[in-house]
Amino acid sequence: MFCFVKCVIFVYTKRDIVMQTTKVGIREFREHLADYLESKKPVAITRHGATIGIYIPTKPKPSQADLEALRVAGERMQELIAAAGSTEDEIVAEFKRARRERRARKG
């Protein structure tokens, strides 16, 4: 039986919540597609003034600050695992066992 220390590590990053939409005609969108694909703003594509589609960019490549925060969080998690006297493999095995037991109780 393993004794685990419960912990949560939050990685905070600043993100803009409000996204402005750019409206462009379909020809302009085609002609400048590479520029719009690199943009962080959603683009409403119109034909004769009517919106026919919306391009919504995915999350951009993580910033150096995001990557550093993730690295620090990973190091901290390794420290907590070691302090609990456990290994990643043991934690994964315990999680799988607990999940199987929970599913067996539900089913």
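This is a chat about the fold, helix α3 and one buried glutamate in a predicted model.

Reader: Before we dig in, which ground rules apply to this model?

Author: It's a predicted model: local features need pLDDT of at least 70, side-chain atom pairs count only at pLDDT 80 or more, and totals for chains, interfaces and linings use all residues. Residues are numbered from 1 along each chain as its sequence is written, and side-chain values use heavy atoms, with hydrogens and water left out.

Reader: Cool. What's the secondary structure of the protein chain?

Author: Four helices and three strands, in the order β-α-α-β-β-α-α from the N terminus. Those are DSSP runs numbered from the N terminus, helices being H or I with at least four residues and strands E with at least two.

Reader: And how do the strands pair up?

Author: They form an open, mixed sheet ordered β1-β2-β3, where two strands pair if DSSP finds at least two bridges between them. The edge strands are β1 (22-25) and β3 (50-55), each pairing on one side only.

Reader: How many bridges join β2 to β3?

Author: Five, and β2 (residues 43-47) runs antiparallel to β3. Arg47 stands opposite Ala50 in β3.

Reader: Switching to α3. What does it span?

Author: Helix α3 (residues 64-83) has 20 residues and reaches 29 Å from first C-alpha to last, close to the expected 28 Å. That expectation is 1.5 Å times one less than the number of residues.

Reader: Which residues in α3 are buried?

Author: Asp66, Ala73, Leu80 and Ile81. Buried means under 20% relative accessible area, exposed over 50% and partly exposed in between, with a 1.4 Å probe and protein chains only.

Reader: Where do they sit around the helix?

Author: Down the axis of α3 they fall within an arc of 95°, so they line one face of the helix; the arc is taken over directions from the helix axis to the C-beta atoms. The face turned away from that buried side carries the exposed Gln64, Ala82 and Ala83.

Reader: What covers the buried residues of α3?

Author: The cover includes α4 (88-106).

Reader: Speaking of α4, is Glu94 buried or exposed?

Author: Glu94, which sits in helix α4, is buried, with a relative accessible area of 15%.

Reader: What does the Glu94 side chain make a polar contact with?

Author: The side chain of Arg97, at 2.3 Å. A polar contact is a pair of N or O atoms within 3.5 Å; within protein, one must be able to donate a hydrogen and the other to accept it, and residues adjacent in sequence count only if both atoms are side-chain atoms.

How values were computed. Contact = heavy atoms within 4.5 Å.
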